[in-house]
Amino acid sequence: MGKIKLDSRLSAVADFVREGKTVADIGTDHAYLLAYLLQQGTIENGIAADLRKGPLENARKTLIESDQLEKVNLILSDGLDELKKGDCEDIVIAGMGGILIKEILERTPWVFDENIHIIAQPMTHAEVLRRFFLENGFKILEESSATDGKRFYCIISAQYDGIKRDAEEWYTYVGELIKNRDNVSQTYIEKTIATLEKKLVAMQNAGVGEVDTLTATVATLKQKVENNG
Ligand SMILES: C[S@@+](CC[C@H](N)C(=O)[O-])C[C@H]1O[C@@H](n2cnc3c(N)ncnc32)[C@H](O)[C@@H]1O
């Protein structure tokens, strides 16, 4: 297999991993991320965890072929259930829905720890995850975005500091991306607004849902974009 190359999504995830930390990749599947980080020398060891045996075997194969197997602990685990405090410092959960990522984190008391960084890449419902972070004492440190030309992805880095924050509705949809000036982040925000506008029209036509709240959220988002955050 030789040198691992990551696509733009996983590459953006890798950028948030801290050098020299032990990384747990939850829902690892092919373990490309860990193999890459190990080959690059960004990290020295890691944990590859997955709910299913098949993906874990994919991970083993990648790690053998990239000559990194001895540095990785492969664990069959639902979320973080089979890991414990002290096992890792950076937790990556990428390629899953935002609701599932939230559920995995909220049932794991030891992630509420200021020494841990969480790097999440939700495929859907990023707003649910941002709300969870803010309302449960996590600070959103930074966000980035990526695209494969078809889909746009956001990557969120968060850390517990014990301060519970009000989650403003507009913020839950775009988070710290509002501060980013790159084209991909700006397009992500435009697409998010367009999706909300479609939802708003559907709600208005059906005469259901919280039309006023969503109207206000879309208006605020547009204003934030105009004012550059
Ligand atoms: C789409 S793949 C993502 C692989 C990789 N993380 C990435 O971003 O490219 C999702 C993986 O998450 C695993 N998964 C789903 N639910 C999980 C859970 N509750 N705990 C651990 N792994 C889970 C699946 O088995 C699958 O291998």
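Helix axes are lines fitted to C-alpha atoms over the stretch in contact, and angles run from 0 to 180 degrees between N-to-C directions. The model treated here is predicted, with local features needing pLDDT of at least 70, side-chain atom pairs counting only at pLDDT 80 or more, and totals for chains, interfaces and linings using all residues. Residues are numbered from 1 along each chain as its sequence is written.

**Exercise 1.** Determine how helix H7 and helix H8 pack, and which residues make the contact.

Solution. Helix H7 (residues 183-206) and helix H8 (residues 211-226), which like the other helices (H or I, at least four residues) and strands (E, at least two) are DSSP runs numbered from the N terminus, have axes 10 Å apart and pack at an angle of about 155 degrees. H7 and H8 are therefore roughly antiparallel, a term for angles over 145 degrees. On the side of H7, the contact (C-beta atoms, placed from the backbone, within 7 Å) is made by Ile189, Ile193, Leu196, Glu197, Lys199, Leu200, Met203 and Gln204, and on the side of H8 by Val211, Leu214, Thr215, Thr217, Val218, Leu221, Lys222 and Val225. Sorted by type, the residues of this contact comprise 10 nonpolar, 3 polar and 3 charged, where Ala, Val, Leu, Ile, Met, Phe, Trp, Tyr, Cys and Pro count as nonpolar, Asp, Glu, Lys and Arg as charged, and the others, Gly among them, as polar.

**Exercise 2.** Establish why helix H5 is largely enclosed, and what covers its buried residues.

Solution. Of the 10 residues of H5 (residues 126-135), 7 are buried, so the helix is largely enclosed by the rest of the structure; buried requires 20 or more other C-beta atoms within 10 Å of the residue's own, exposed 12 or fewer, and partly exposed lies in between. The buried residues are Ala126, Glu127, Leu129, Arg130, Phe132, Phe133 and Leu134. Their cover includes helix H4 (98-106), strand S5 (117-122), strand S6 (138-147), strand S7 (152-160) and helix H6 (169-174). After H5 comes Gly137, which has a positive phi near 85 degrees.

**Exercise 3.** Decide whether Gly86 is buried or exposed, and locate it in the chain.

Solution. Gly86 lies in the loop between strand S3 (72-76) and S4. Because Gly86 has 10 C-beta neighbours inside 10 Å, this residue counts as exposed. From C-alpha to C-alpha, Gly86 and Trp110 are 8.7 Å apart in space, although 24 residues apart in sequence.

Note on methods. Two residues are in contact if their C-beta atoms, placed from the backbone, lie within 7 Å. Angles under 35 degrees count as roughly parallel, over 145 as roughly antiparallel, 65 to 115 as roughly perpendicular and the rest as oblique.
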